[in-house]
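Biologist: Hi! I'd like to get to know this protein. Could you walk me through it?
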Amino acid sequence: VELGAVDRPQDVDVDGFGNLRWTLEDPEDGVPPEDKTVIYLDGHTDTVQALRERWHEAIGGGIDPYLGLTDATKIDEEFLRRELGHLPPRDEWEHLLWGRGSADQLGGVICQIMASVVLRKLRGEGALHGIVLVSYATVAEEDNDGGGPMYFMRQGLQGAAPDRVPDVVILTEGTGGSGEGALGIYRGQRGRMQIEVEVTGKSCHGSMPWEGRNPLEYGGAILAEAADRYARGEGFGSDPFLGPGSRTASFATLETPSDCAVPERFSFRFDRRLTAGEDPDQCVRDIDTLPTVARAREAGLDVRVHVPVYRQATWRGYEPGNSQIYP
């Protein structure tokens with residue numbers, strides 16, 4: 001509102017999921033609502049947790065992941081230039097976005113806002129003629145990719161009139177890089193899924209491990225085999241445009257009475273990126289049929305391989321309840 005990205009405060013709202021949404025159009029263009037082109041911009045406003053102490057240690061101070069640029073005189077410029085491949089001149093620093101999310105993806109959301117400002121200023125030149133701009137700044141994306149747009153598609157567009165249904169979708173994720181040159185417009189995106197493995201054994205005192213069944217050790221073997229197979233490229237598809245699928249261990253929890261006991265349960269997840277033609281069910285079977293999984297089961301441990309359901313409520317209290325598969 002303050003920057004002039006919308007005409008009125010009521011053109012900005014928050015939906016039931018918790019996404020920030022604003023709209024912009026030219027009400028005087030004479031084009032019927034059902035004949036307008038709907039352009040949908042999407043960017044997410046959340047970021048992953050920052051390793052704050054590591055930021056300060058590596059950069060030398062001066063940049064905080066949450067406060068941004070705090071003291072330019074303390075920055076190790078050579079380190080930043082080495083890490084980023086390029087560092088703009090100091091006289092441009094006041095115009096830059098610093099800190100956690102500057103590339104993923106708060107910069108994209110700011111670009112959406114500024115694009116709205118520019119379009120509104122150029123409305124008299126016909127920039128918004130026959131157009132409805134619907135812009136979303138979504139929440140809870142980092143660990144539930146697409147949850148915000150999923151809500152919009154399922155709750156906001158069911159039975160909606162043509163002036164609400166997007167004709168064009170632009171995701172404002174960062175593109176380009178220091179080695180590739182300027183930002184660009186890209187098409188296509190790999191999918192993603194989470195695969196959870198729960199290994200349940202039998203806890204006992206660490207001085208008598210033969211009395212238990214150690215899920216950490218058997219689970220560790222599963223992780224090692226999965227990593228080895230990925231390194232050899234076994235079981236992964238590839239697409240000429242999107243590239244190959246990928247898999248990496250991304251999260252783990254351990255239920256144990258103490259650090260001197262055989263644990264009771266070891267759970268971990270794989271972040272599996274899906275290229276064109278890969279099937280989520282097959283990706284689960286690829287883990288479930290690993291020889292190390294079979295050995296754990298033969299030893300009496302329970303091994304459950306499945307796709308987890310995302311249940312964590314958004315800040316508005318909405319519980320998504322979706323399987324963590326994002327095509």
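Modeller: Happy to! This is a predicted model, and its protein chain has 7 helices and 18 strands.

Biologist: What box do the C-alpha atoms fill?

Modeller: Taken along the principal axes, the C-alpha atoms of the chain fill a box of roughly 80 × 55 × 40 Å.

Biologist: And how many residues are there, and what share is buried?

Modeller: The chain has 327 residues, and buried ones make up 40% of them. As for contacts with a separation of 6 or more, 67% come from residues 24 or more positions apart.

Biologist: Let's pick a strand. How many residues of S6 are buried?

Modeller: In strand S6, 8 of 8 residues are buried, so we can call the strand mostly covered, with buried meaning under 20% relative accessible area. S6 covers residues 131-138.

Biologist: Which residues point which way from S6?

Modeller: Ile131, Leu133, Ser135 and Ala137 point one way, while Val132, Val134, Tyr136 and Thr138 point the other way. Residues on both sides are buried.

Biologist: How does S2 run relative to S6, parallel or antiparallel?

Modeller: S2 and S6 run antiparallel, joined by 6 bridges. One example to look for is Glu25, whose bridge partner in S6 is Val132.

Biologist: And S3 with S6, parallel or antiparallel?

Modeller: Those two run parallel, with 8 bridges joining them. Here you can look for Gly43, which has Ala137 as its bridge partner in S6.

Biologist: Back to S2 for a second. How many bridges join S1 to S2?

Modeller: There are 3 bridges between S1 (residues 12-14) and S2, and the two strands run antiparallel. Val12 stands opposite Trp22 in S2. These strands form a hairpin with 5 residues between them, and Gly18 in that hairpin takes a positive phi near 115°.

Biologist: Now a helix. Which residues of H4 are buried?

Modeller: H4 spans residues 147-156, and its buried residues are Gly147, Gly148, Pro149, Met150, Tyr151 and Phe152.

Biologist: What do those buried residues of H4 pack against?

Modeller: They pack against four strands you can find in the viewer: S3 (37-44), S6 (131-138), S17 (322-323) and S18 (325-326).

Biologist: Let's talk pockets. How much space lies in the second largest pocket?

Modeller: About 160 Å³. If you're wondering how empty space gets found, rolling a probe the size of a water molecule over the atoms shows where it is left.

Biologist: Which residues line the second largest pocket?

Modeller: The lining is Arg21, Thr23, Glu25, Pro33, Lys36, Val132, Val134, Tyr136, Phe152, Asp163 and Arg164. Two strands we've met, S2 (20-25) and S6, each supply at least two of the lining residues. You may also recognise Phe152, one of the buried residues of H4.

Biologist: How do the lining residues divide into nonpolar, polar and charged?

Modeller: That lining has 5 nonpolar, 1 polar and 5 charged residues.

Biologist: Switching to aromatics. How many aromatic pairs are there in the whole structure?

Modeller: A search of the whole structure finds 10. Take Trp93 and Trp98: their ring centres are 5.2 Å apart and their planes sit at 65°, so the pair is edge-to-face.

Biologist: Is that one buried or exposed? I mean Trp93.

Modeller: Trp93 is buried, because its relative accessible area of 3% is under the 20% cut-off. Trp98 counts as buried too, at 16% relative accessibility.

Biologist: And what about Tyr230 and Phe236?

Modeller: They also form an edge-to-face pair, 5.1 Å centre to centre with 70° between the planes. Tyr230 is partly exposed at 34% relative accessible area, whereas Phe236 is buried at 18%. There is also a cluster in which ring pairs link Phe17, Tyr151 and Tyr318.

Biologist: Last topic! Where is Gly124?

Modeller: Gly124 is in the loop between helix H3 (106-121) and S6. Gly124 is exposed, because its relative accessible area of 76% is over 50%.

Biologist: How far apart are Gly124 and Asp26?

Modeller: In sequence they are 98 residues apart, but in space the distance is 9.1 Å, C-alpha to C-alpha.

Key:
Residues numbered from 1 in each chain as written. Predicted model: local features only at pLDDT ≥ 70, side-chain atom pairs only at ≥ 80, totals over all residues. Heavy atoms only, no water. Buried < 20%, exposed > 50% of the residue type's maximum accessible area, 1.4 Å probe, protein only. Contact = heavy atoms within 4.5 Å. 1 Å grid on protein atoms, 1.4 Å probe; cavity = no way out; pocket = protein on both sides within 12 Å on 5 of 7 lines; lining within 4 Å. Points joined across faces, edges and corners; volume = space filled by probe spheres on them. Nonpolar A, V, L, I, M, F, W, Y, C, P; charged D, E, K, R; others polar. Pairing = 2+ DSSP bridges. Phe/Tyr/Trp six-rings, centres within 6.5 Å; stacked < 30°, edge-to-face > 60°.
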